[in-house]
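Reader: I am new to reading structures. Could you take me through one, feature by feature?

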Amino acid sequence: MESNNKTIYTKLAELKKEVGKMSKDSKNPFFNSKYFDINQLLEHIEPLCQKHGLLILQPIINKEVISKVIEIETGDEVFSSLELPNLTDPQKIGSAITYY
């Protein structure tokens, strides 16, 4: 794990360099299009986050999907959020959560 004298932003910058460019390399045969596979990203990025002492969480709070990156030793965090659409159909809500 990296030393604690680095800020969360320094660690994120180093992580970003290691991740490199990601591209849409999965194919959707139904729409004859390419898409970015989030599962491939997670497989690639989770060990790098651990190496840099970072944790990614996506809790749902007050009808918002919150994306957080937390510096494990200090608890410092950066986050963004997206408000979920006002839906009553559980399948559509699940789809929105997955998409976000």
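Author: Start with a pair of residues across two strands. L55 stands opposite I70 in β5. Keep in mind that this is a predicted model.

Reader: Which strand pairs with β5 there, and how many bridges join the two?

Author: That strand is β3. It is joined to β5 by 4 bridges, and the two run antiparallel.

Reader: Where else does β5 find partners?

Author: Look at β4, residues 60–61. It pairs with β5 over 2 bridges, in the antiparallel sense. I60 is the residue opposite V65 in β5. Then look at β6. Here 7 bridges join β5 to β6, and these strands also run antiparallel.

Reader: What is the bridge partner of V65 in β6?

Author: It is L82. So V65 is a good residue to follow by eye: I60 stands opposite V65, and L82 in β6 is its bridge partner. Next door, E64 has E83 as its bridge partner in β6.

Reader: How should I think about side chains in a strand?

Author: In a regular strand they alternate between the two faces of the sheet. Now take β5, residues 64–71. Of its 8 residues, 6 are buried, so the strand is mostly covered.

Reader: How many residues lie between the strands of each hairpin?

Author: Take β4 and β5 to begin with. Their hairpin has 2 residues between the strands. For β5 and β6, the hairpin has 5 residues between them.

Reader: What should I check in a turn?

Author: Check the sign of phi. In the turn between β5 and β6, G75 has a positive phi of about 85 degrees. In the turn between β4 and β5, look at N62. Its phi is near 50 degrees, a positive value in a residue other than glycine. K63 lies in the loop between β4 and β5 too. Phi of K63 is near 65 degrees, again positive in a residue other than glycine.

Reader: Are N62 and K63 buried or exposed?

Author: The cut-off for exposed is over 50% relative accessible area. N62 has 71% relative accessibility, so it counts as exposed. K63 has 61%, so it counts as exposed as well.

Reader: Now a helix. How do I check the length of α1?

Author: Compare an expected span with the one in the model. Helix α1 covers residues 8–19, which is 12 residues. At 1.5 Å a residue, it should span 16 Å. Its end C-alpha atoms are 16 Å apart, which agrees.

Reader: Which residues of α1 are buried?

Author: They are I8, K11, L15 and V19. These buried residues cover an arc of only 75 degrees around the axis, which puts them on the same side of α1.

Reader: Why does spacing matter in a helix?

Author: An α-helix has 3.6 residues a turn, so residues three or four places apart point the same way. Now turn to the other side of α1. There Y9, K16 and K17 are exposed.

Reader: What covers the buried residues of α1?

Author: The cover includes α2 (38–51), β3 (54–57), β5 (64–71) and β6 (77–83).

Reader: How do α1 and α2 pack?

Author: Describe two helices by angle, distance and hand. α1 and α2 pack at an angle of about 145 degrees, and their axes are 10 Å apart. The crossing of α1 past α2 is right-handed. On the α1 side, L15, E18 and V19 make the contact. On the α2 side, H44, I45, L48, C49 and K51 do.

Reader: What comes just after α1?

Author: G20 does, with a positive phi of about 75 degrees.

Reader: How do I compare distance along the chain with distance in space?

Author: Use two pairs. Y9 lies in helix α1. Y9 and V78 are 69 residues apart along the chain, and their C-alpha atoms are separated by 8.7 Å. Now take F31 and T7. They are 24 residues apart in sequence and 43 Å apart in space, C-alpha to C-alpha.

Reader: Where is F31, and is it buried or exposed?

Author: F31 sits in the loop between β1 (26–28) and β2 (33–35). Its relative accessibility is 66%, so F31 counts as exposed. Y9 is exposed too, with a relative accessible area of 57%.

Methods. Residues are numbered from 1 along each chain as its sequence is written. This is a predicted model: local features need pLDDT of at least 70, side-chain atom pairs count only at pLDDT 80 or more; totals for chains, interfaces and linings use all residues. Side-chain values use heavy atoms; hydrogens and water are left out. The expected span of a helix is 1.5 Å times one less than its number of residues. Buried means under 20% relative accessible area, exposed over 50%, partly exposed in between (1.4 Å probe, protein chains only). The arc is that of the directions from the helix axis to the C-beta atoms. Contact means heavy atoms within 4.5 Å. Two strands pair if DSSP finds at least two bridges between them. Axes are lines fitted to C-alpha atoms, for helices over the stretch in contact, and angles run from 0 to 180 degrees between N-to-C directions. A crossing is left-handed if the near helix is turned anticlockwise from the far one by less than a right angle, and right-handed if clockwise.
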